[in-house]
Amino acid sequence: MSIHISAEPGEIAPVVLMPGDPLRAKYIADKMLEEVVLVSSTRNAFFFSGLYKGAPVTVGASGMGCPSIGIYSYELYTQYNVECIMRIGTCGSYMPSVKLYDVINVDKACSESTYAKYAFDFEKNSISHQGKAYDIINETALLQHVDIRKGNIHSSDIFYRATSGMPEIVIEHNCMAVEMEAFALFANAQYLHKTAACLLTVSDVIPTHEKMSIDQRERSLDKMITLALESAMRMHAMV
Ligand code: HPA
């Protein structure tokens with residue numbers, strides 16, 4: 001048991017898939033995993049452990065923002081021997097050429113957040129994916145003929161803002177989209193010498209105001225979820 005996760009040691013797999021939303025974790029567990037056990041529901045951040053094509057995997061929610069994923073991922077890495085966390089989330093695209101439903105494998109997460117500076121004395125405002133998961137996702141996508149993009153994204157602390165101009169950091173690092181968690185996950189993984197990747201599906205295009213509807217959201221995320229599970233299975237063979 002850790003402070004925020006009530007699973008027993010050994011109930012969490014070495015590879016964890018991490019959506020933001022607890023009900024998405026439940027959807028993945030119900031629809032895609034076998035022999036599923038609910039191993040933690042503290043604060044309704046559900047964690048389910050099960051098998052995907054025979055490989056153990058845990059799916060658990062991060063909540064929203066760097067502080068929340070910072071807590072869950074740190075406890076998973078340090079108290080449950082988790083080797084690899086793959087975030088699977090949604091993002092807003094900054095440019096019309098990055099379209100609704102596109103899937104992005106995140107190279108660097110760029111952020112104005114002070115999380116990494118005050119947690120670990122990291123001075124940079126961008127942190128790369130960590131370990132081999134990013135490459136495994138790219139290889140799996142090729143093998144499965146799934147089209148994905150690769151590139152930098154903005155991990156913002158802000159969802160609602162007064163002005164609509166492009167934040168400076170987006171221009172500095174050529175960020176194609178915005179979400180709110182990858183930076184803290186990558187910072188924890190770098191500090192702890194663990195593996196972390198982040199797959200994102202574009203749920204809205206900021207300059208054109210296009211958005212996925214709620215029912216489109218569910219079906220269109222299946223492509224990213226399956227890619228993450230297939231990658232997790234190959235990752236499990238290596239840890
Ligand atoms: N901003 C931040 N996070 C997001 C967005 C957004 O516009 N869309 C999906 N996740």
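This report describes a strand and its partners, the surroundings of a ligand, and three individual residues in a predicted model.

## Strand β6 and its partners

Strand β6 spans residues 103–110. Six of its eight residues are buried, which leaves the strand mostly covered. Pairing connects β6 with strands β10, β8 and β7.

With β10, which comprises residues 195–205, the pairing is antiparallel and extends over three bridges. On this side, Val103 is placed opposite Thr201 of β10. The pairing with β8, residues 149–155, is parallel and involves five bridges. The short segment β7, residues 126–128, runs antiparallel to β6 and is joined to it by three bridges. Ala109 takes part in two of these pairings: its bridge partner in β8 is Ile153, and in β7 it stands opposite Ile127.

## The ligand and its surroundings

The ligand occupies the largest pocket of the model. Its shell consists of Thr90, Cys91, Gly92, Phe159, Val178, Glu179, Met180, Ser203, Asp204 and Ile206. Three elements each supply two or more residues to this shell, namely β5 (84–93), β9 (177–179) and β10. The greatest contribution is that of β5, which provides three residues. Strand β10 thus appears in two settings, as an antiparallel partner of β6 and as a contributor to the ligand shell.

Which atoms of Thr90, Gly92 and Asp204 lie close to nitrogen atoms of the ligand? For Thr90, a backbone N or O atom is found 3.5 Å from a ligand nitrogen. For Gly92, a backbone N or O atom is likewise involved, at 3.3 Å from a nitrogen atom of the ligand. Asp204 instead uses its side chain, in which an N or O atom is 3.0 Å from a ligand nitrogen. Considered alone, the ligand exposes 260 Å², and the protein buries 86% of that area.

## Ser220 in helix α7

Ser220 belongs to helix α7, which covers residues 214–236. Is this residue buried or exposed? Ser220 counts as buried because its relative accessibility is 17%, below the 20% limit for that class. The side chain of Ser220 reaches the backbone oxygen of Gln216 at a distance of 2.6 Å.

## Two loop residues with positive phi

Most residues other than glycine have a negative phi. Against this background, Lys53 has a positive phi of about 50°, although it is not a glycine. Lys53 is located in the loop that links β3 (47–52) and β4 (55–60). With a relative accessible area of 58%, Lys53 is exposed.

Asn81 is also a residue other than glycine with a positive phi, here of about 55°. Where is Asn81 placed? Asn81 lies in the loop between α2 (66–79) and β5, and β5 is the strand that gives the most to the shell around the ligand. Asn81 is classed as exposed because its relative accessible area is 64%, a value over the 50% limit.

Methods. Residues are numbered from 1 along each chain as its sequence is written. This is a predicted model: local features need pLDDT of at least 70, side-chain atom pairs count only at pLDDT 80 or more; totals for chains, interfaces and linings use all residues. Side-chain values use heavy atoms; hydrogens and water are left out. Buried means under 20% relative accessible area, exposed over 50%, partly exposed in between (1.4 Å probe, protein chains only). Helices (H or I, at least four residues) and strands (E, at least two) are DSSP runs, numbered from the N terminus. Two strands pair if DSSP finds at least two bridges between them. A residue is near a molecule or strand if one of its heavy atoms lies within 4 Å of it. A polar contact is a pair of N or O atoms within 3.5 Å; within protein, one must be able to donate a hydrogen and the other to accept it, and residues adjacent in sequence count only if both atoms are side-chain atoms. Accessible areas come from the Shrake-Rupley method with a 1.4 Å probe; for residues, only the protein chains shown count as cover. On a 1 Å grid over the protein atoms alone, a cavity is a set of points where a 1.4 Å probe fits but cannot get out, and a pocket is an open set with protein on both sides within 12 Å along at least five of seven lines; lining residues have an atom within 4 Å of a point. A molecule sits in a cavity or pocket if more than half of its atoms lie within 2 Å of its grid points.
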